[in-house]
Amino acid sequence: MTELIIFLGPPGAGKGTQASRLAEDKNLAHISTGDMLREHVSNNTELGKTAKSLLDEGKLVPDSLVIEMLIDRLRSEKNKDGAILDGFPRTLAQANSLDKISENFPISKVIVFDANHEELIKRILHRGETSGRSDDTKDSIKVRLDVYQKDTEPLIEYYEKNNSTIKINAVGDVEDIYNLLSKEF
Ligand code: ADP
């Protein structure tokens, strides 16, 4: 049985930064669907070819493709004490797919990262100067924030009903935020 910790929150909230630290401290797998998709793009796989323009525009990759990719990856993480899902689920269909495998992969906690749009845009544009990510542009950020509000934000309420959800204020020092976060584990 592999317990899952879900990191929910808008682009630029720092989920990836916090997830990689927590994963290292607690022997958890850090599963970032965004990183996995970018790897497919750079390896020019079939999935990568489908995903490339969607990623660049800030749109979501189709549920069926991301779900299959994620479930394969979860099955391969046998030696860890659990897994952090960073960037999954992003839609209700994706959340339902996790519910279907909850016997083997129960959700232990949902961490919700909270930050205002102004701060997020500033961070992503700043990151774009060095990240080399083709989606860290003004146009793509706008789409990503819209997609987040429409498709992903409703999942907060979805998880509040049945799971232990914890809100973290994601504006501030990386170190301070990590201290807040690690208190929960
Ligand atoms: P950010 O949180 O800054 O948007 P990510 O690396 O999490 O960065 O995601 C980058 C892009 O990868 C998304 O805009 C989307 O195109 C794609 N992506 C990542 N995760 C998913 C997912 N669960 N479902 C669909 N598309 C995804």
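Trainee: Which atom of Arg-133 lies 3.1 Å from an oxygen atom of the ligand?
Mentor: A polar side-chain atom of Arg-133. That fits a polar contact, meaning a pair of N or O atoms within 3.5 Å. Arg-38 also has a polar side-chain atom 2.9 Å from an oxygen atom of the ligand. Gly-87 uses a polar backbone atom, 2.9 Å from a nitrogen atom of the ligand.

Trainee: Anything to know about the model and numbering?
Mentor: It's a predicted model, so local features need pLDDT of at least 70 and side-chain atom pairs pLDDT 80 or more, while totals for chains, interfaces and linings use all residues. Residues are numbered from 1 along each chain as its sequence is written, and side-chain values use heavy atoms, without hydrogens and water.

Trainee: OK, back to the ligand. Which residues come nearest?
Mentor: Thr-33, Leu-55, Lys-59, Gln-94 and Arg-144, out of 20 around the ligand. A residue counts as near if one of its heavy atoms lies within 4 Å.

Trainee: And which helix gives the largest share of that shell?
Mentor: Helix α2, residues 33-43, with four residues. Helices here are DSSP runs (H or I, at least four residues; strands are E, at least two), numbered from the N terminus.

Trainee: New topic: where is the cis peptide bond?
Mentor: Between Phe-88 and Pro-89, with omega about -5°. Pro-89 is in the loop between β3 (83-86) and α5 (92-100).

Trainee: What about the phi of Asn-44?
Mentor: Near 55°, so positive in a residue other than glycine. Asn-44 is in the loop between α2 and α3 (46-57). Most residues other than glycine have a negative phi, and most peptide bonds are trans.

Notes. Polar contact = N/O pair within 3.5 Å; in protein donor to acceptor, adjacent residues only side chain to side chain.
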